[in-house]
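Open the model in your viewer and keep the selection tool at hand. The stops below go chain by chain.

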Amino acid sequence: MQETRSDVLQGTLDLMVLKTLDVMGSMHGYALARRIEQISEDAVSLNQGTIYPALLRLQQCGWISAEWGVSGSNRRAKFYAITRSGKKQLVVETRSWERVAETMARILASSRPPL
Amino acid sequence: MNRFVALFRTLASRSLAIFRTSSAERDLDEELQTHLNLAIEENLRNGMTPEAARSAALSAFGGVTQTKESYRTQLGLPFLPVLLQDLRFGFRQLWKSPGFALVAIGSLALGIGASVAVFSVVRAVLLDPYPYKDANRMVHVELRDKSTPHGRLLPVTSIEFKDLQQLPAVDDVFLMDNSRQALTGDSLPISVNVGSYSANLFTYMGVPPLLGREFTPADAPGGNASPVAVLSYLFWKKQYGGQPSIVGKTIELDHTLYTVIGVANPRFTWGDSEVYLPGNFKADPHYYMLPFIKIKPGVTHESLIAQLQPLVDRYARQDPTNFPQGMKVAIVTLNEEVLGNFQSALLTLFGAVLLLLLIGCANVSILMLARGVARQHEFAVRSSVGAGRGRILRQLLTESIMLSLTGAALGVLLAYRGVDLITTNLPMYSFPHEASAAIHVNGTVLLFAVAIALLTGILFGLSPAWQLSRAEASSLTQSNSSRMAGSLRGRHTHRALIAGQVALTMLLLASAGAAMRAFLTLSKTPLGINPQNLFFMALSLPKGAPLTWQYLANSQESIRNAAESTLGVESASVSTTWLPPFGGFRGKVAVSSNPNLTDAQADLALVSPTIFTTLQVPLLSGRFFTPEEDARAAHVALVNRTFVKRYFPDGDPLGKNVRSPALKMDNPHLVATDKPDDWLQIIGVVDDARNDGLDRPIQPQIFFPDSFVLDTNTFLIVRAKADPAATMRAVAQSIHRLNPGIFVVEQHDIGWLLDTQGWATERFLAAIFALFAVLALLLAATGIYSVVSYTVSQRTREFGVRMALGAQRASVVRLVLQASLLTVAIGAVIGIVLSLSLSKFIATSSHATIRDPLMLVGVSAMLLAVTALACLYPAWRAASIEPMQALRLE
């Protein structure tokens with residue numbers, strides 16, 4: 001079943017960007033968007049453009065930093081990297097996300113208690 | 001924790017980003033371009049054609065414009081660019097209709113400015129004018145009887161003062177003795193208002209001094225090395241230029257040295273004393289001073305009266321010649337004493353000003369409603385091209401707030417100027433002077449008035465949006481409804497607002513009319529004398545003058561003579577107790593031909609024979625007494641017409657005898673001729689002249705030769721040929737040449753006296769009410785004009801059709817006028833009804849009432865004339881429209 005293009009929640013996009021930058025190191029916007037698409041095995045087809053306001057937001061919070069550089073094909077691009085406070089935020093967000101998933105799993109697996 | 005840091009950083013970043021918007025956008029453009037190029041490259045690598053690569057890249061990206069928009073929103077403070085755009089647009093709209101903007105701003109500014117100014121004054125003067133501790137427990141003791149309903153303050157001697165201190169109802173009491181003394185020193189002596197007080201004055205009052213210290217019972221004279229003095233704030237500023245160095249120096253009053261120990265608080269103006277001295281009160285059973293009592297907490301006025309009345313009766317028995325007889329004790333609060341009628345006048349004024357504020361707000365509402373109706377077409381169009389209701393509302397709100405804030409800001413400025421203006425013009429003797437220093441713009445009131453104005457402006461500014469939500473946007477754009485007369489509900493609101501505004505304006509006009517009548521009545525009161533070029537002078541002989549009758553009589557006459565022989569003087573006379581139009585000395589009289597008259601009273605005037613010439617009072621029969629008769633204090637007298645009417649109803653008074661036991665005074669400071677209370681022969685009758693103030697009827701009056709009772713003061717009334725001011729100076733010089741030790745205690749133009757004590761209050765009220773009424777009229781006129789104009793401009797097409805179908809211009813004019821004038825007439829009638837029913841509350845003076853049919857007709861005519869003019873111009877314009885033009889107009 002193909003996932004329709006859906007609006008990805010802001011918060012989850014932030015988490016995905018942070019995790020990707022944490023794992024992959026410094027990347028530019030296009031590479032970041034493509035990487036997220038690949039890792040999620042195309043289950044997430046976001047409008048690639050939505051990544052840019054998200055990157056700005058993360059910059060404003062101080063969780064990533066940006067620097068102009070040169071891409072592989074010799075084009076000028078902005079490279080983003082996770083900061084120390086970003087790493088801290090990643091830990092926090094991951095933990096809360098896992099908690100939510102755990103709770104949901106329990107609820108969905110529950111059956112009627114025996115009389 | 002991280003979250004908070006992040007939030008703060010976000011805010012900071014977004015605020016700073018405002019300044020780098022353009023470079024940030026350029027960066028984003030470049031970044032997005034790179035993104036697309038990289039995507040196209042990858043697509044090409046995967047084997048797509050250039051066109052497919054490009055379109056795949058774009059569709060994978062999503063909307064570029066939308067991305068930029070979201071980015072921009074994320075970048076800066078989101079509301080700012082929108083706000084700026086709204087502001088610019090709003091400003092342009094207002095600039096395009098300057099008339100509307102000016103009137104709206106002006107209306108708000110006037111309403112706010114006037115109401116805040118008046119309320120500030122009223123609050124300072126009425127609500128809490130006194131800085132004295134427990135001022136609400138301070139009272140004035142008045143003695144009243146049938147002939148003195150306004151009462152006079154209770155006088156006591158220094159011995160009787162001790163009785164007061166011991167009354168159970170009394171918490172504290174101090175004595176006041178006023179005198180005018182000469183401040184001698186390096187320059188010419190000047191006359192100073194000196195107050196001698198019992199030493200507990202400042203502990204009673206509880207107001208700390210501005211500089212130095214105040215005197216205490218320890219400073220009581222007698223035993224102290226050097227007597228001390230405290231200066232009043234105003235006197236300190238006027239005489240010593242506000243220099244703190246005066247504290248500790250000595251000053252000389254009537255050749256006695258005093259050390260200045262302090263300067264009183266600016267709001268401490270008790271008795272208007274310029275110098276406060278701890279009094280050296282001798283135990284004199286005939287020397288009276290004024291006591292001021294502070295009652296104990298919880299004690300009623302009635303119980304104080306009950307305790308005072310027996311004392312007053314006893315004093316009357318002990319000193320029948322000097323102490324007022326047969327009087328009842330009454331207690332009044334400080335404010336009642338000082339303000340009297342002015343209190344209700346001030347409250348009425350405040351009501352008037354609230355009306356003005358209401359009218360101002362109503363005007364703004366009308367203007368905005370009318371404008372809203374006219375702009376409905378514009379908003380319908382905007383909404384149909386996609387402007388959300390919120391967006392339109394926001395833009396309207398911005399416009400209204402801009403208008404309201406400007407109006408409010410101007411109003412604040414006006415308020416400050418207004419307070420200054422009112423304070424300088426307040427009638428001098430009608431309000432407690434302690435309040436002068438405290439009259440300033442009150443912060444809370446300002447905020448309140450601004451809030452009301454803003455609310456009005458905003459509420460009615462948003463009205464077009466409400467109206468828009470009711471009608472279908474499409475139908476409005478299609479059917480040229482901008483030329484239709486607007487919704488019925490809108491018209492009703494307009495009419496109601498205009499009627500209301502006219503009614504309130506009518507109320508103000510009627511009040512102004514009444515106030516002006518009062519002033520005119522008072523100022524036109526026949527005085528009985530000719531006040532032109534007339535002035536009075538109070539002179540004091542130097543200390544050490546012999547207190548013999550002969551010396552004083554000669555001295556008085558030579559002073560009068562010196563004055564009369566001065567260049568520029570037409571006539572000079574002594575008038576010891578009577579200063580027209582006010583009364584002086586009232587006492588019991590007896591008439592020989594009517595021994596049954598037991599409680600006859602008359603004003604007893606001690607005058608020179610020339611007084612009637614000086615004042616230009618006509619002689620009705622008989623003759624004046626001669627200078628020779630005056631010199632020997634002959635027992636002859638004149639009476640006025642009222643005296644004859646009352647005590648000689650059917651006979652001729654000439655040749656009959658009168659006498660007054662009141663002239664026999666047991667007072668060591670006064671020197672009387674032999675048997676001053678003996679029978680005198682009436683030798684003449686003069687016409688009536690005011691002798692009991694401007695608003696009370698003329699009292700019966702007897703005129704005695706001034707040599708009957710003398711003291712070291714001489715009171716002159718002088719008629720100058722021209723230029724009273726210069727003549728006053730010349731007379732002072734002549735008297736100085738006669739005897740340099742004589743000093744002028746006080747001198748004033750009679751005109752000045754009448755202005756400040758006769759009708760100052762009435763004039764002030766008339767002026768201010770008239771001002772408000774005129775303002776209200778202007779506001780109402782502009783409101784009506786605007787509404788009629790807008791109505792006309794909307795119905796242009798309709799009029800065009802009518803005229804094309806054959807209607808006369810006159811009938812078009814009539815159409816326009818009918819509706820508006822009907823509304824105005826209804827408003828006027830409501831206004832008159834309101835005025836009549838509220839007439840008791842609006843009464844500012846006892847001299848005129850609102851229920852004056854002539855006056856009401858007059859102001860109604862003025863109102864209708866002005867409003868008719870306001871309607872006429874737009875109506876005439878409607879009639880001058882060319883039908884073809886009107887039909888083409890969209």
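Start with the sheet of chain A. Three strands make an open sheet here, ordered β1-β3-β2, with antiparallel pairing. Select β1 (27–28) and β2 (64–70) of chain A: these are the edge strands, and each pairs on one side only. Keep in mind that this is a predicted model.

Now add β3 of chain A, residues 76–82. β2(A) and β3(A) run antiparallel and are joined by 7 bridges. For one facing pair, pick V70(A) and look across to R76(A) in β3(A).

Zoom out to the whole of chain A. Colour by secondary structure and count 4 helices and 3 strands. Read from the N terminus, the order is α-β-α-α-β-β-α. How much of chain A is buried? Of its 115 residues, 32% are. Next, consider contacts in chain A with a separation of 6 or more: 50% of them are between residues 24 or more positions apart.

**Where the chains meet**

Show both chains. The contact draws 23 residues from chain A and 26 residues from chain B. On the chain B side, select α1 (2–17), α2 (21–45), α3 (50–61) and α4 (64–75); these elements each give two or more residues to the side that touches chain A. Which element of chain B gives the largest share? It is α2(B), with 9 residues. Colour this side of chain B by residue class: 9 residues are nonpolar, 12 polar and 5 charged.

**Strand β3 of chain B**

Move to residues 170–184 of chain B. This is strand β3, and L183(B) sits in it. Is L183(B) buried or exposed? Neither fully: L183(B) counts as partly exposed because it has 19 other C-beta atoms within 10 Å, while a buried residue needs 20 or more. Now pick T256(B) as well. Its C-alpha atom is 9.6 Å from that of L183(B), though the two residues are 73 apart along the chain.

**Two positive phi values and a cis bond**

Go to N533(B), in the loop between α18 (488–523) and β12 (534–540) of chain B. N533(B) is not a glycine, yet its phi is positive, about 55 degrees. N533(B) is partly exposed, since 19 other C-beta atoms lie within 10 Å.

Select P580(B) and P581(B) next. The peptide bond joining them is cis, with omega about 5 degrees. P581(B) belongs to the loop between β13 (569–574) and β14 (586–588) of chain B.

Then jump to D723(B). Look for this residue in the loop between β24 (713–720) and α23 (724–738) of chain B. D723(B) also has a positive phi, near 50 degrees, and is a residue other than glycine. D723(B) counts as exposed because it has 12 C-beta neighbours inside 10 Å, and the cut-off for exposed is 12 or fewer.

**Last stop: a kinked helix**

Select residues 853–879 of chain B. This is helix α29, with 27 residues. Place a distance from its first C-alpha to its last: the helix reaches 37 Å, close to the 39 Å expected at 1.5 Å a residue. Where does α29(B) kink? Look at L872(B), shortly before the proline P874(B), for a kink of about 25 degrees. P874(B) is itself one of the buried residues of α29(B). Show the others as sticks, among them L856(B), V859(B), L863(B) and T867(B). Further along α29(B), the buried set includes A870(B), C871(B), A875(B), A878(B) and A879(B).

Technical notes: Residues are numbered from 1 along each chain as its sequence is written. Chains are lettered from A and ligands numbered from 1 in the order in which they are written. This is a predicted model: local features need pLDDT of at least 70, side-chain atom pairs count only at pLDDT 80 or more; totals for chains, interfaces and linings use all residues. Two residues are in contact if their C-beta atoms, placed from the backbone, lie within 7 Å. Two strands pair if DSSP finds at least two bridges between them. The expected span of a helix is 1.5 Å times one less than its number of residues. The bend at a residue is the angle between axes fitted to the seven residues ending there and the seven starting there. Ala, Val, Leu, Ile, Met, Phe, Trp, Tyr, Cys and Pro count as nonpolar, Asp, Glu, Lys and Arg as charged, and the others, Gly among them, as polar.
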